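Student: I should like to learn how to read the features of a protein model. May we go through them in turn?

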Amino acid sequence: MQFGVCGINYKKADLDIRNKTSFTDLRKAEFFQLVGKEGIEQCMILSTCNRSEVYFLYETEAQFDSVYRVYERMFSAAVLGEYMIAMDSEAAMGYLFRVAAGLESLVLGEDQILGQVKDALDFSRTMGYDGKELNKIVRDAITCAKRIKTEFKISEKPLSVSYIGIRMVEEHTGIAGKRVLLIGSGKASLLALKYLKEYGAGKITVCSRTFSHAGRLREEEKELQVIPYEERYHCMAQCDIVVSATSSPHTVIRREDFEPEGPITFLDLAAPRDIDTAFMEHPLVYLINLDTLQKIAEENQRQREQLVDESQDMLKEALEETRQWILQSRVDDTIQSLQQRCNHIVEDSFTYLDRKMELSRREQKILKKVLNASLQRLLRDPIQELKQLDSKEKQDEYKKMVNELFHI
């Protein structure tokens, strides 16, 4: 039995292709039924915004090819040949381990993928397409991912400039209970609003050149106060923190138009800049802009990549343990047959001797134990050899030999 993967991910396919290969639950159920007809009994579908991949156990190359073809037919609206990935055996297992740990993610080391892998396995179990081998491989990948996240903390090096900026504000002045003015109503402002709430900001006021756009942010925070753009300077005088993230081509907060009367922290998330850099010279102002944030994000990316390199030994060790388990599981049926053959011989020999000898109950137990121990000792070396074989070809060769020698 071999492990394989095929499908689409962000590295080879753009968003348009990925949207066309998205799995709904209904489509997953249909896919399971189709590959089930091809003899695939263990299968997992991992479908996210960045990947639609199928992980499965198969016996023959023909079965592997059939899963690939079922995938292509299911998404026939798109020509997938050049975008598809396909891996088998150790390459496929290694890939799943890296995926679970976030090492194959668009955002290196992100945490969300781990929960998505767990959900994918749960869905396979619900549909009856999990199994001993698939469960073992996926759960080992999840366990390894947790160890990597705990020891190396890759995701704790933030890459979002919005998050880095808000965290810098928190470290410098604290956010809990503070009065905040948020200028802008786009995606960056929405992210900043989310992080400000997480840090417990007090009253948050928002303004935008388009008043109705600013009102949309109220859907995220019902208690937001929305003011006209022209009133921004008046509001700033009453705030502790100002976050600006507009798409304006001009400076939004000019030094000559505002004189701080108390300590104030500016966070400029815009490019080009929203906030006049002349504020840096003011003793009451702490200004953070993209120049600083981009450098920190780039350094954090380098640190993530370094931590990924450091985690490779742990990944390889966990992968090797799973590989050994899979190798041994392939000879489980032969070992089980040997044990059963041993038990039959013990029973036959014991029955014969028990008829020929007058044995007490205690002597019967001793005789059976001695017979069993002797045969187990004889089988110990062949079983260990089977377990230690490091290739499917050798295993198949030894299994055939054992079956012939022991008439299994």
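Tutor: Let us begin with a term: helices (H or I, at least four residues) and strands (E, at least two) are DSSP runs, numbered from the N terminus. This is a predicted model, in which local features need pLDDT of at least 70, side-chain atom pairs count only at pLDDT 80 or more, and totals for chains, interfaces and linings use all residues. Residues are numbered from 1 along each chain as its sequence is written, and side-chain values use heavy atoms, without hydrogens and water.

Student: Which residue follows H6, and what is the sign of its phi?

Tutor: Most residues other than glycine have a negative phi, and most peptide bonds are trans. Here, H6 is followed by Lys 153, with a positive phi near 50°. Lys 153 lies in the loop between H6 and H7.

Student: Is Lys 153 buried, exposed or partly exposed?

Tutor: Buried means under 20% relative accessible area, exposed over 50%, and partly exposed in between (1.4 Å probe, protein chains only). Lys 153 has a relative accessible area of 38% and is therefore partly exposed.

Student: Which features does Ser 89 show?

Tutor: Ser 89 also has a positive phi, near 55°, and is not a glycine. Ser 89 is found in helix H4 (residues 89-100). Its relative accessibility is 24%, so Ser 89 counts as partly exposed.

Student: Where is Pro 272 found, and is the peptide bond before it, from Ala 271, cis or trans?

Tutor: Pro 272 is in the loop between strand S9 (264-268) and strand S10 (285-288). The bond from Ala 271 to Pro 272 is cis, with omega near 0°.
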